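Here are my notes for a colleague who has not yet seen this structure. Please keep the model open while reading them.

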Amino acid sequence: MIKRISTGSPFEEKVGYCRAVVAGGFVHVAGTVGQGEDVVSQCKSALEVIGKALAEAGASFSDAVRVTYYLPDRHEFEPCFPILKETFGENPPAATMIECGLIDPKFRIEIELTALLPE
């Protein structure tokens, strides 16, 4: 059984995707950018959106098994470390950071996450 989770964003409709898909015992959260003027505020905002999708699926950040961070400037990643440590706490997922171009230069970080649904 597949469950699709949408935020109702017009961008989801325009592009043809949803925020998360629950399938095979996992929650697959699409790459998520946040709002704000800098990487820290965008990181917090993106995590808030991801957290809501996880909650709707019946999971939380403690169930995360994989996370990928995409940043246009790798030097901006370090200021996010305290936020990520606080978010994942004692249950850190496997993680990768990739330096790359994002869809719009105003975005400083995009976060993609996979979580295992609790039994």
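1. Start with helix α3, which spans residues 81-88. In this predicted model, three residues of the helix are worth finding: Ile83, Leu84 and Phe88 are buried. Their directions cover an arc of only 115 degrees around the axis, so they sit on the same side of α3.

2. Now turn to the other side of α3. There, Pro82, Lys85 and Glu86 are exposed. The helix thus has a buried side with Ile83, Leu84 and Phe88 and an exposed side with Pro82, Lys85 and Glu86.

3. What do the buried residues of α3 pack against? Their partners are α2 (39-57), β4 (64-71) and β6 (110-116).

4. Look at the end of the helix too. Gly89 comes just after α3. Gly89 has a positive phi, about 50 degrees.

5. Strand β4 deserves its own look, as one of the elements that the buried residues of α3 pack against. Thr68 lies in this strand. Is Thr68 buried or exposed? Its relative accessible area is 10%, so Thr68 is buried. Leaving aside residues up to four places away in sequence, Thr68 touches Thr96, Ile98, Glu110, Ile111 and Glu112.

6. Next, the cysteines. How many disulfides does the structure hold? The count is 0. Cys80 is in no disulfide. The nearest cysteine sulfur to that of Cys80 belongs to Cys43 and is 4.0 Å away. A disulfide would need the two sulfur atoms within 2.5 Å.

7. Burial of the cysteines can be checked as well. Cys80 has 0% relative accessibility, so Cys80 counts as buried. Cys18 has 17% relative accessibility and therefore also counts as buried, because the cut-off for buried is under 20%.

8. Last, the largest pocket. How much space lies in it? The volume is about 440 Å³. The lining has 15 residues, and those closest to the pocket centre are Phe11, Tyr17, Arg19, Gly31 and Val33. Two elements give two or more residues to this lining: α1 (10-15) and β3 (26-33).

9. Consider the make-up of that lining. Strand β3 gives the largest share, 4 residues. By class, the lining of the largest pocket counts 8 nonpolar, 5 polar and 2 charged residues.

Methods:
Residues numbered from 1 in each chain as written. Predicted model: local features only at pLDDT ≥ 70, side-chain atom pairs only at ≥ 80, totals over all residues. Heavy atoms only, no water. 1 Å grid on protein atoms, 1.4 Å probe; cavity = no way out; pocket = protein on both sides within 12 Å on 5 of 7 lines; lining within 4 Å. Points joined across faces, edges and corners; volume = space filled by probe spheres on them. Nonpolar A, V, L, I, M, F, W, Y, C, P; charged D, E, K, R; others polar. Buried < 20%, exposed > 50% of the residue type's maximum accessible area, 1.4 Å probe, protein only. Arc of directions from axis to C-beta. Contact = heavy atoms within 4.5 Å.
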